[in-house]
Amino acid sequence: MSNLVTNESVSNQSLVIPWRDVSVCMDWLSQTYQTQFQIWDWDDQWSLLTPCEPHPNPEATRIAQEIISELPENTTYRIQPVSPDESLIIIPMEALTHRKRIATGLVSRQVGQGFHRVIQLFLDNLNQSRINAEQTRQLQIYSSQTSIDFEELTWFRTLVDNLAFEETGNSLTSSARQALTSLKDLIHAESLIVVLKNREGSRSLSAYDGIYTLGARQVDEEVVSDLLKMAGPNLCCQSFINNHVSQDDCKFSKEISSVVVIPAICRNYCFGWLIAVNRQSLPGNNGYAGEFAVRECAQFNTKAALLMESAASVLATQAHNVQLFREQQEILVGTVRTLVNAIDTKDQYTCGHSDRVAQIAKAIAIQYGLPEEDCQRIYLAGLLHDIGKIGVRDEVLTKPGKLTKQEFDEIKLHPVLGYEILKHLNQLQHVLPGVLFHHESWDGTGYPHQLDKEDIPLAARILAVADAYDAMTSDRSYRKGLPLEKAEQILRDGRARQWDPSIVDTFFKIIDKVHKIVSGKQSSFNMPTLHSEYVFEDDFDGEDSIHSAVYTTTSLSGVQLK
Ligand SMILES: [Fe+2]
């Protein structure tokens, strides 16, 4: 990273021996010599440390104050007679505590031979307290850091597992919001903002494809533009931190004091930015706890920027995958459209048949209670059910007169030919059962595999009814279409013999919709403006029907990062 303005000021507080340890040592010394010791602290001048009481002899306290004011450096201890019976013991402690601190006590002038040993024990005890305090402090730091590291690791796993865009657009998933909210808390930002840059061909009227704010401070497009401008000309390739936002930097400096801008880059393309604003100041959040905790400055540091870079990298990779996936979907839409047009071009008499079968089959599937995705799959299967006719000779397919047995056998190959044409398209595997089995019969007399009853896939049973009805009511090269009533009577007669009775029953429940579809005799995908003339209103969403079917039946789950 360059351009980083870093100011990671974490105070180093001088280590002091905890008062409770000093107190224990002083009590021990006091009990040994049956007298009360005092502790003096230096803070511009020497004064008795609370809660020490002055010596019972005021003169001793005055003398103690005089001596300690002039005590030479590196004095181990001193014994000063203050009366015929008493001596003042003076023990400097600053070497142990990193502070100027002195203990004084009045003892009998007859201190005995063990006095030096006692003083040394006292100092050793204090030194051990200092070592213990240091070890405790280190333990707290390691413990706190381990906790922070674990929190960051957990967050990163959540990020990688869940950070994804919604399949239906560029909005953030709830899990992505959760992961980014955790990041916001980890780096103590008031708000975290995801900004998606306008892509080529974007229909967005705004300067950005999306701005998503997580946190208390909501920002609009104007603020985002100002923050990105502040990041400078390299904002698409370099991270940027400013912990001292001024009026010269940004006109919103009264609301935003610190900011981090991280570009979301994948394969040298910047998809957008991750922006953190206003580092929150929290007491004791520097990794220390208890008496060692200090208040951290309200500034973003390089660690925050690195965490954000990780998140931005995952976001960019995900955005890249979504882009590739959308391109694949568009290719699939184009493939389906091309195949359907190829069928219609092959046989002008059946032009629009595939589209009507698809619409009728989808309407049956909806009425039958199938899920939206299955209905759209059946719609695509309807569009492609006769794709195998591309492999049937034109003179057979469009023959005006009656077909010979050999010619009919050739026609009967079209389900298998269709299966062979489509089986290599991975994203259309779900239409294969409908394509291969749409000429099977409920009683097992159909083709190509003479399946019967529920052995015939449901999609094929639905397509069989839709296909038969539209074929019977359409003009063909060799005959005029039957009246609707006649075709419907044939369906009733063939119920539970040629066709699944439950599908025939469902068909008649939506007969009014079917009449609208077959009365139009137009292609819904070639002439979308004619939709409203014949497509039932509750099924028309104003979108290209092939487009929405492909988008519904293909899932983004395959491209989510795991
Ligand atoms: Fe067919």
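At what angle do helix α8 and helix α14 pack, and how far apart are their axes? The views below take up this question, then turn to a sheet and three loop residues. This is a predicted model, in which local features need pLDDT of at least 70, side-chain atom pairs count only at pLDDT 80 or more, and totals for chains, interfaces and linings use all residues. Residues are numbered from 1 along each chain as its sequence is written.

**View 1. Helix α8 packs on helix α14.**
Two packed helices are described by the angle between their axes and the distance between the axes. Helix α8 covers residues 353–368 and helix α14 residues 458–473; they pack at about 135°, with their axes 8 Å apart. That makes α8 oblique to α14 (angles under 35 degrees count as roughly parallel, over 145 as roughly antiparallel, 65 to 115 as roughly perpendicular and the rest as oblique). Axes are lines fitted to C-alpha atoms, for helices over the stretch in contact, and angles run from 0 to 180 degrees between N-to-C directions. Helices (H or I, at least four residues) and strands (E, at least two) are DSSP runs, numbered from the N terminus. The crossing of α8 past α14 is right-handed (the near helix is turned clockwise from the far one by less than a right angle; anticlockwise would be left-handed). Residues of α8 in the contact include His353, Arg356 and Ile360, and those of α14 include Ile462, Asp467 and Asp470 (two residues are in contact if their C-beta atoms, placed from the backbone, lie within 7 Å). By class, this contact of α8 with α14 has 10 nonpolar, one polar and three charged residues (Ala, Val, Leu, Ile, Met, Phe, Trp, Tyr, Cys and Pro count as nonpolar, Asp, Glu, Lys and Arg as charged, and the others, Gly among them, as polar).

**View 2. Helix α14 also packs on helix α15.**
The angle between α14 and α15 is about 145°, and their axes are 9 Å apart. α14 passes α15 in a right-handed crossing. Val465, Ala468, Tyr469, Met472 and Thr473 of α14 meet Leu484, Ala487, Ile490 and Leu491 of α15. By class, the contact of α14 with α15 has eight nonpolar, one polar and no charged residues.

**View 3. Five strands form an open antiparallel sheet.**
The strand order is β7-β6-β10-β9-β8 (two strands pair if DSSP finds at least two bridges between them). β7 (208–215) and β8 (240–242) stand at the edges with a single partner strand each, so one side of each has no neighbour in the sheet. From one strand to the next, the twist averages 15°. Strand β6 (residues 189–197) and strand β10 (residues 269–279) are joined by seven bridges, and Ile193 stands opposite Ile275 in β10. Helix α6 (residues 221–230) lies across β6, β7, β8, β9 and β10, at about 95° to β7. Helix α7 (residues 302–346) lies across β6, β8, β9 and β10, at about 35° to β9.

**View 4. Loop residues with marked backbone angles include Pro448, Lys453 and Ala496.**
Tyr447 and Pro448 are joined by a cis peptide bond, with omega about 10°. Pro448 lies in the loop between α13 (432–437) and α14, and Lys453 lies in the loop between α13 and α14. Lys453 is not a glycine, yet has a positive phi of about 45°. Lys453 is partly exposed, with 13 other C-beta atoms within 10 Å (a residue is buried at 20 or more, exposed at 12 or fewer, and partly exposed in between, with C-beta atoms placed from the backbone). Ala496, in the loop between α15 (484–493) and α16 (501–509), has a positive phi of about 70° although it is not a glycine. Ala496 is exposed, with 12 other C-beta atoms within 10 Å.
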